[in-house]
Amino acid sequence: MKPTTASLDRLRTLPRAEVHVHLEGCFEAEMLAQWAGRFGEPLPRPLERLFEFEGLADFLHFLDWACGLVRTREELAESAYGFSQRLAASGTGHADLIFNPTHWRHWHGRLPAMVDALDAGFRAAEQDGLPPVGLCVSLLRTQSADAAAELVDELVRQRHPRVVALSIDGNEAAAGRTGPRFAEAFRRAGAAGLKRTVHAGESSGPEGVRDAIELLGADRIDHGVRAVEDPAVVRLLVDRQIPLGICPSSNLTLGVCASMDEHPIERLRLAGVPVSVNTDDPALLGTSLEREYALCAEAFGWSDTVLREVARTSIDASFANEDVKASLRASLARW
Ligand code: ADE
Ligand code: ZN
């Protein structure tokens with residue numbers, strides 16, 4: 001299904017936040033080809049097929065290659081600025097942006113310098129009137145407990161105001177059950193005042209969502225769609241009103257769901273789970289936030305009332321400061 005230009009234009013005006021999007025997924029193919037060419041690095045496949053992926057493992061491997069092309073502070077700051085431009089082009093009022101230091105090989109061991117470089121890009125963007133961004137610094141599911149402790153030590157030491165949360169992403173199917181391994185790191189991050197957002201229920205089943213809540217203290221869950229397979233986990237999400245940051249196209253492309261018609265977002269929403277709509281990795285998946293809303297509106301016949309409800313959830317679920325949230329809620333009330 002291809003959303004109409006009119007529906008995309010209208011949805012771009014819907015005041016909302018994006019709470020599940022990765023910096024690693026925001027590089028355009030032409031930009032990657034240009035960066036690779038500069039260093040004589042071959043593309044992993046021809047340009048026109050660069051963004052064809054064979055599931056999550058292949059996708060994560062590609063992120064290592066793409067981020068491995070970024071070497072300088074200026075390039076990182078430009079990536080951050082470019083991300084804010086992408087938000088503005090979609091009419092998005094705020095984003096919590098996940099970035100995972102493990103993918104960026106030229107920056108290993110230099111997290112504070114990375115955060116500073118990204119912050120410079122976001123500050124320049126805000127000065128130019130582009131939307132605000134908070135950073136969620138992410139662990140990879142396949143890392144060790146020691147590596148997780150080291151990352152949290154670094155975040156607590158630097159306590160950079162741009163960093164709003166500890167995140168975890170990557171492949172749970174490859175890592176097995178890792179909630180217990182990361183529990184202490186998440187506990188310490190929470191105690192230090194960081195929010196906690198956890199990829200679960202994408203490459204894990206509902207048990208991964210339960211662990212995210214009970215072991216990692218998740219304030220929010222990225223994906224979480226496979227919670228739908230266990231009514232007790234759905235009840236837990238409803239009782240505690242834990243929001244899911246859902247990314248429909250990502251789930252279709254990476255093989256989590258077979259079609260939009262079967263996508264669990266509507267069943268979860270109707271069950272009372274707070275759901276928001278997001279892009280995950282918009283450039284690599286060839287999507288935008290307004291397109292993700294359009295796909296849901298088309299598949300489930302969402303009225304303006306439902307669109308408003310989901311947009312409101314995105315604002316409430318975000319880690320934006322209270323001024324930004326209040327301003328977005330006021331705009332939404334006028335929509
Ligand atoms: N990193 C970037 N996109 C991801 C996804 N969909 N799942 C897990 N880790 C990711
Ligand atoms: Zn994700």
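Which element gives the largest share of the lining of the largest cavity? I shall begin with that point, since the rest of this presentation builds on it. The answer is helix α3, with four residues. Please keep in mind throughout that the structure shown above is a predicted model.

Let me first describe the largest cavity itself. It encloses about 110 Å³ of space, and it is one of three cavities of 30 Å³ or more in the structure. Its lining consists of 14 residues, and those nearest the centre are His22, Leu56, Leu60, His199 and Asp281. Sorted by class, this lining has five nonpolar, five polar and four charged residues.

The largest cavity is also where ligand 1 sits. Around ligand 1 there is a shell of 13 residues, and the closest of these are His22, Gly170, Glu202, Asp280 and Asp281. Helix α3, which spans residues 56-67, again provides the largest share, giving four residues to the shell around ligand 1. By class, the shell comprises five nonpolar, four polar and four charged residues.

I turn now to the polar contacts of ligand 1. In the case of Glu202, a polar side-chain atom lies 2.7 Å from a nitrogen atom of the ligand. Two histidines also take part. An N or O atom in the side chain of His22 is 3.4 Å from a nitrogen atom of ligand 1, and for an N or O atom in the side chain of His223 the distance to a nitrogen atom of ligand 1 is 3.4 Å. How much of ligand 1 does the protein bury? Taken alone, the ligand exposes 260 Å², and 100% of that is buried by the protein.

The second largest cavity holds about 60 Å³ of space. Among the residues that line it are Glu18, Val21, Phe83, Arg86, Thr279 and Pro282. Strand β1 (17-22) and helix α4 (73-90) each contribute at least two residues to this lining, and α4 gives the most, with four. The lining of the second largest cavity divides into five nonpolar, four polar and two charged residues.

We come next to the pockets. The largest pocket contains about 360 Å³ of space. It is lined by 17 residues, of which Pro101, Gly109, Leu111, Glu150 and Leu151 are the closest to its centre. Which elements give two or more residues to this lining? They are α5 (111-127), β3 (133-140) and α6 (145-158). Of the elements, α6 gives the most to the lining of the largest pocket, namely six residues. By class, seven residues of this lining are nonpolar, five are polar and five are charged.

The second largest pocket has a volume of about 220 Å³. Its lining is formed by 13 residues, and Val133, Gly134, Pro161, Val164 and Asn321 lie nearest its centre. Here the elements that give two or more residues are α5 and β3. The class division for the second largest pocket is seven nonpolar, three polar and three charged residues.

To conclude, I return to the ligand site. Ligand 1 sits in the largest cavity, the protein buries 100% of the area that the ligand exposes when taken alone, and α3 supplies the largest share of the shell around the ligand as well as of the cavity lining. Thank you for your attention.

Key: Residues are numbered from 1 along each chain as its sequence is written. Chains are lettered from A and ligands numbered from 1 in the order in which they are written. This is a predicted model: local features need pLDDT of at least 70, side-chain atom pairs count only at pLDDT 80 or more; totals for chains, interfaces and linings use all residues. Side-chain values use heavy atoms; hydrogens and water are left out. A residue is near a molecule or strand if one of its heavy atoms lies within 4 Å of it. A polar contact is a pair of N or O atoms within 3.5 Å; within protein, one must be able to donate a hydrogen and the other to accept it, and residues adjacent in sequence count only if both atoms are side-chain atoms. Accessible areas come from the Shrake-Rupley method with a 1.4 Å probe; for residues, only the protein chains shown count as cover. On a 1 Å grid over the protein atoms alone, a cavity is a set of points where a 1.4 Å probe fits but cannot get out, and a pocket is an open set with protein on both sides within 12 Å along at least five of seven lines; lining residues have an atom within 4 Å of a point. A molecule sits in a cavity or pocket if more than half of its atoms lie within 2 Å of its grid points. Ala, Val, Leu, Ile, Met, Phe, Trp, Tyr, Cys and Pro count as nonpolar, Asp, Glu, Lys and Arg as charged, and the others, Gly among them, as polar. Grid points are joined across faces, edges and corners, and a volume is the space filled by probe spheres set on the points.
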